[in-house]
Amino acid sequence: MESCVRANFGGIENLSLIPGTVGAAPIQNIGAYGVELKDTFEALEAVNLQTGEIEYFLNNECQFGYRDSIFKNELRDQYIITNVVLRMAKTPVLNTQYGNIQKELERIGKKEFTIKDVSDAIIKIRSEKLPDPAKTGNAGSFFKNPIIDKDLYHAIKVSYADIPSFDNPGNTLKIPAAWLIEKCGLKGVQHGGAAVHLNQPLVLINKDHASGQNILELAEMIQEKVKTTFGILLEMEVRIV
Ligand SMILES: Cc1cc2nc3c(=O)[nH]c(=O)nc-3n(C[C@H](O)[C@H](O)[C@H](O)COP(=O)(O)OP(=O)(O)OC[C@H]3O[C@@H](n4cnc5c(N)ncnc54)[C@H](O)[C@@H]3O)c2cc1C
């Protein structure tokens, strides 16, 4: 990521500060701030663990979806990804419409922004909201942002006029799971050693020697509260092993 930004290659700057390896990035089609890996992804090379053969997968063969790919489903645990090919843009269209990016860029006061400006803005926003996994154990976003029918959205809006939404194909909208969790009064709630992060309620943290059971029970409590309040079932983004 950093080397692409340094070289002024555009396309993945909105994924700045997502922790992890290149090989893991296609597994869940990592995404943030309106951009997903699949937007620049061309192909990958992988070793088939059964045959030992090297195989190649093009973008359309990876079945990328929202935090999803074929490697989380029918090809789960069957390949080790050894190379990823991305098509970067030398004169990219910067994607600054999502979240607070625009606001952060305005603060810099420049008229035109570079790839590095966008990356720096995102790093600043993320650092303020997300706990550093090196200091506080966490897995990033615990739940996916749910995609709901517009009918349900309008029904919720009657009681919650401030419900935010993002465009999504078809008759659906994407709702920030963090907003749903916060509206249920769960920000900062602790269960055993696990807690809902205060600055970003989509993240569950290991606050004080949390067990896996603490985290799972807290996640299930959140799912239940959100379901009874809004009629929306939050799907876990993390993989429970
Ligand atoms: C603070 C924080 C913020 C985060 N923010 C985001 C975010 O904004 N957007 C987002 O999408 N994710 C986010 N995540 C999740 C995480 O960064 C991604 O899932 C990342 O891809 C994990 O990389 P990893 O190398 O740690 O993979 P791991 O967690 O070690 O592995 C993930 C899965 O991929 C498999 N895998 C790993 N490497 C390979 C390989 N080479 N070949 C085949 N299979 C492999 C593993 O077996 C496992 O099933 C965040 C996590 C944290 C802790």
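Q: How many nonpolar, polar and charged residues does the shell around the ligand have?
A: This is a predicted model, and the shell in question is made up of the 23 residues around the ligand. Sorted by class, the shell around the ligand has two charged residues and eight polar ones, and the nonpolar residues number 13.

Q: Which residues come nearest to the ligand?
A: A residue counts as near the ligand when its C-beta atom, placed from the backbone, lies within 6 Å of it. Of the 23 residues around the ligand, those that come nearest are Gly20, Gly23, Ala24, Ile30 and Gly140.

Q: Which strand supplies the largest share of the shell around the ligand?
A: Three strands, β1 (31-32), β5 (79-86) and β6 (138-141), each supply at least two residues of this shell. The largest share amounts to four residues, and the strand that gives them is β6.

Q: From which domains does the shell around the ligand draw at least three residues each?
A: The protein is divided into two stretches, residues 1-129 and residues 138-230, which are assigned as domain 1 and domain 2 respectively. The shell around the ligand draws at least three residues from each of them, that is, from domain 1 and domain 2.

Q: What distance separates the centres of domain 1 and domain 2?
A: Domain 1 covers residues 1-129 and domain 2 covers residues 138-230. With the centres taken over C-alpha atoms, the separation between domain 1 and domain 2 is 24 Å.

Q: Which strands are the edge strands of the open sheet in the order β4-β3-β5?
A: This open sheet is formed by three strands with antiparallel pairing, in the order β4-β3-β5. An edge strand here pairs on one side only, and this applies to β4 (54-58) and β5.

Q: Which residue in β4 stands opposite leucine 44?
A: Strand β3 (residues 41-48) pairs with β4 in the antiparallel sense, and the pairing runs over five bridges. Within β4, the residue that stands opposite leucine 44 is phenylalanine 57.

Q: Which strands are the edge strands of the open sheet in the order β6-β12-β11-β10?
A: Four strands form this open sheet, and their pairing is antiparallel. Pairing on one side only marks the edge strands, which are β6 and β10 (190-191).

Q: Which residue in β12 is the bridge partner of asparagine 138?
A: β6 and strand β12 (residues 203-206) pair over two bridges in the antiparallel sense. In β12, the bridge partner of asparagine 138 is isoleucine 205.

Terms used:
Residues are numbered from 1 along each chain as its sequence is written. This is a predicted model: local features need pLDDT of at least 70, side-chain atom pairs count only at pLDDT 80 or more; totals for chains, interfaces and linings use all residues. Ala, Val, Leu, Ile, Met, Phe, Trp, Tyr, Cys and Pro count as nonpolar, Asp, Glu, Lys and Arg as charged, and the others, Gly among them, as polar. Domain bounds come from an automatic or database domain assignment. Two strands pair if DSSP finds at least two bridges between them.
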